[in-house]
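Work through these short exercises with the structure open beside you. Try each task before reading its solution.

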Amino acid sequence: MGNGDSKLNFRKAVIQLTTKTQPVEATDDAFWDQFWVDTATSVQDVFALVPAAEIRAVREESPSNLATLCYKAVEKLVQGAESGCHSEKEKQIVLNCSRLLTRILPYIFEDADWRGFFWSTVPGAGKGGGDEDDENARPLAESLLLAVADLLFCPEFTVQSHRKNNVDTAEDIHAIDSCEYIWEAGVGFAHSPTPSYNHDLNRSELLKLLLTCFSEVMYLPPSSESSNTNPWVQFFCSTENRHALPLFTSLLNIICAYDPVGYGIPYNHLLFSDYREPLVEQAAQVLIVTLDYDTSTSSSPTVDGTTTGTVMDDAEPPGPDNLFVNYLSRIHREEDFQFILKGMARLLSNPLLQTYLPNSTKKIQFHQELLVLFWKLCDFNKKFLFFVLKSSDVLDILVPILFFLNDARADQSRVGLTHIGVFILLLLSGERNFGVRLNKPYSVRVPMDIPVFTGTHADLLIIVFHKIITSGHQRLQPLFDCLLTIIVNVSPYLKSLSMVAANKLLHLLEAFSTTWFLFSTVQNHHLVFFLLEVFNNIIQYQFDGNSNLVYAIIRKRNVFHQLANLPTDVQSIQKALQRKKKAPETISRTNSQDGVSMEGSRPAAPAEPGTLKASLVATPGIDKLTEKSQVSEDGTMCSLEPESSQSPVEGSPSGIVSDTESWSGESLQPKRDQWRLSSTSSSGQWNPTSEWVVSWKSKLPLQTIMRLLQVLVPQVEKICIDKGLTDESEILKFLQHGTLVGLLPVPHPILIRKYQANSSTAMWFRTYMWGVIYLRNVDPPVWYETDVKLFEIQRV
């Protein structure tokens with residue numbers, strides 16, 4: 001039978017189903033078999049031949065037929081898993097049912113009345129087969145998930161058979177130990193099976209079905225209730241699934257072992273089509289969804305124990321019920337960490353390779369899924385985080401992230417990508433080692449649309465952050481405090497900033513300290529506090545190597561004097577706000593002396609009109625995202641309790657910080673005592689008062705900088721007059737040898753704001769991740785045109 005006939009017969013069956021008003025008996029095999037026995041339809045065919053309107057019509061008008069179709073399709077998958085799919089015919093039936101369920105499930109999920117259907121039991125579907133008591137019956141969802149898990153380790157279908165001869169000794173699928181059939185070498189498995197095109201295709205189809213099962217959460221509105229565990233994921237990742245460990249390991253290894261270059265030979269992908277990429281992409285999506293776990297409400301799965309000889313650390317407490325999260329948190333061998341980190345760095349750097357050797361490698365598209373996975377690894381496995389920061393390998397992750405941030409900064413459809421990049425850097429910046437690693441010189445020349453500079457990775461980070469703030473999309477404004485917090489966290493460890501980076505920091509201070517910007521919202525002044533904290537940390541702890549920054553501060557000294565003399569009377573405040581109405585530009589984009597951009601770089605482009613994007617929930621403010629830790633002399637950190645009633649001495653370090661922490665990002669709700677200090681007019685318009693300005697102006701931590709200016713400015717002026725100098729290099733030479741020992745105030749303790757897990761970020765990750773998965777699955781378009789509730793799909 002030709003493919004055309006097969007499609008035609010399948011379409012006839014669909015039409016019969018949609019036009020039948022009477023229920024069709026489940027035992028009418030002649031009718032139901034038309035959907036899967038004699039057809040050879042690709043997944044694209046199934047999507048074309050089963051239109052959305054018809055699925056909805058059957059759902060509304062003959063619900064019992066839709067129920068029977070689902071039940072029969074699951075039954076076929078269960079039979080395939082039981083028998084081990086030895087014949088080609090059985091394999092085809094399994095694939096057909098898998099495609100059909102992938103097509104139908106989203107329409108079951110979008111209707112609230114149907115959502116419980118898969119969790120109900122079907123009469124006679126007992127756990128042991130046969131017709132025993134219905135108490136034993138499994139819900140349809142469980143039968144479906146267990147069948148898919150079995151099928152993913154089915155010899156000659158999704159894995160290679162270990163039998164030498166095929167004479168009547170087909171492996172008994174229930175007797176095989178699937179840990180011997182892990183798909184790829186890597187964590188806990190040393191043998192790399194010969195790749196098979198067909199096995200990869202079959203795995204991809206089954207993973208797509210699995211992802212579709214997990215997608216029920218897309219049809220529920222966002223909520224930070226931790227009770228919203230996804231029942232599909234919960235069951236699949238429980239001890240009920242005997243393949244949980246080998247499947248977790250297979251997914252992780254197949255992602256981290258993937259090399260899109262094609263065996264290291266440039267341009268190789270032009271000769272061979274790469275059938276592994278779709279599998280790696282599906283694997284990444286399934287893996288991050290199984291790891292959607294809110295650590296803030298549960299005992300955290302991170303483990304810091306002694307290492308034992310096994311792959312997973314058995315000496316530890318049992319940890320979360322979700323076995324995937326559990327296994328991820330218990331990986332601990334150095335060689336496993338090395339394998340994961342190398343694989344992630346290779347894949348994240350792939351789009352950068354594209355820019356300076358165009359077309360030399362296949363460009364992968366799943367970097368957002370990889371970033372979510374990297375985040376989960378660092379968040380759930382502290383040993384992995386410490387391993388990443390132990391060597392300069394962390395820079396192989398940092399550079400691609402900065403590349404993505406810079407490239408996506410003007411594109412509103414990639415705001416989510418920018419957020420996750422910033423969240424990862426915030427998490428890393430809470431560890432001292434990250435700041436130390438940034439001092440490594442930056443020599444890779446990835447073409448980026450930023451000014452040319454010579455310096456370290458810290459310079460690169462500051463220059464990219466400056467670009468995002470001054471020329472990014474306005475939707476990135478809620479991230480400004482996050483970006484500056486990262487710079488504050490690393491600042492005590494930065495040995496020597498380049499002149500370009502030093503000028504960028506001062507340009508930000510200049511932009512953020514204009515009066516209209518400071519007065520125009522309740523929280524803008526926090527940005528100035530963060531920048532002053534950066535300068536204070538560098539002056540107090542890294543003065544010696546930072547003559548460029550000291551010179552830049554001296555040159556821009558008027559900015560600090562203006563801050564110290566900030567007007568607080570009503571008239572000046574009103575005048576500043578009038579000026580804002582005339583020029584509503586957020587931040588001055590001028591006088592940032594950008595100079596020439598790097599060779600070969602393309603400017604960051606806005607989104608193409610018509611691009612689809614998924615909406616995101618608001619991210620929590622920096623005070624909710626982080627908790628403060630103080631670094632003691634020996635370098636250890638101790639967490640600081642949130643400010644209690646003690647009132648800090650004006651200008652003391654704790655006083656400085658308490659001010660920066662008192663607001664929550666998106667909402668403009670000032671804390672209670674600030675309500676007294678400011679008035680909000682009936683229109684809800686923010687209206688600053690004198691008292692409010694005085695309340696924070698008095699806490700600006702300017703003492704260290706004022707003292708520095710007081711000592712150094714006269715000396716620098718004297719040199720200029722004596723030697724008739726206008727030359728920077730002489731002044732810099734003088735500053736390099738200068739010292740302020742004994743002249744500065746007592747160094748303040750170093751404060752680090754460390755990321756802390758909370759349910760709002762867990763919710764943000766869930767919506768972001770599913771938005772990415774929705775938009776990336778276009779062939780076939782699994783969820784397009786269905787009524788999703790977790791986010792909105794918008795056109796740019």
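Two strands pair if DSSP finds at least two bridges between them. The model used here is predicted.

**Exercise 1. Pairing in a sheet**

Task: How many bridges join strand β4 to β5, and in which direction do the two strands run?

Solution.
- Step 1. Find β4 at residues 626-631.
- Step 2. Count the bridges to β5: there are three. The cut-off is at least two bridges, so β4 and β5 pair.
- Step 3. Check the direction: β4 and β5 run antiparallel.
- Step 4. Look for one facing pair of residues. Val-631 stands opposite Met-637 in β5.

**Exercise 2. The whole sheet**

Task: What is the order of the strands in the open sheet of three strands, and which are the edge strands?

Solution.
- Step 1. Read the order: β5-β4-β8, with antiparallel pairing.
- Step 2. Pick out the strands that pair on one side only. These are β5 (637-639) and β8 (750-755), the edge strands.
- Step 3. Add the turn between neighbouring strands: on average 40°, direction ignored.

**Exercise 3. Classifying aromatic pairs**

Task: Is the pair of Phe-236 and Phe-324 stacked, tilted or edge-to-face? Do the same for Tyr-293 and Phe-380.

Solution.
- Step 1. Recall what to look up. A pair of aromatic rings is described by the distance of the centres and the angle of the planes.
- Step 2. Note the cut-offs: planes under 30 degrees apart count as stacked, over 60 as edge-to-face and the rest as tilted.
- Step 3. Take the rings of Phe-236 and Phe-324. Their centres are 6.3 Å apart and their planes lie at 55°, so the pair is tilted.
- Step 4. Place this pair in the chain. Phe-236 is in helix α9 and Phe-324 in helix α12, 88 residues apart. Both residues are buried.
- Step 5. Take Tyr-293 and Phe-380. Their centres are 6.2 Å apart and the planes stand at 90°, which makes the pair edge-to-face.
- Step 6. Place this pair too. Tyr-293 is in the loop between α11 and α12, while Phe-380 is in helix α14.

**Exercise 4. Buried or partly exposed?**

Task: Which label fits Cys-85, and which fits Glu-156?

Solution.
- Step 1. Use the cut-off: buried means under 20% relative accessible area.
- Step 2. Cys-85 has 1% relative accessibility, so Cys-85 counts as buried.
- Step 3. Glu-156 has a relative accessible area of 41%, so Glu-156 is partly exposed.
- Step 4. Check the backbone. Phi is near 50° at Cys-85 and near 70° at Glu-156.

Conventions: Residues numbered from 1 in each chain as written. Predicted model: local features only at pLDDT ≥ 70, side-chain atom pairs only at ≥ 80, totals over all residues. Heavy atoms only, no water. Helix = DSSP H or I, 4+ residues; strand = E, 2+ residues; numbered from the N terminus. Axes fitted to C-alpha atoms, helices over the stretch in contact; angles between N-to-C directions. Phe/Tyr/Trp six-rings, centres within 6.5 Å; stacked < 30°, edge-to-face > 60°. Buried < 20%, exposed > 50% of the residue type's maximum accessible area, 1.4 Å probe, protein only.
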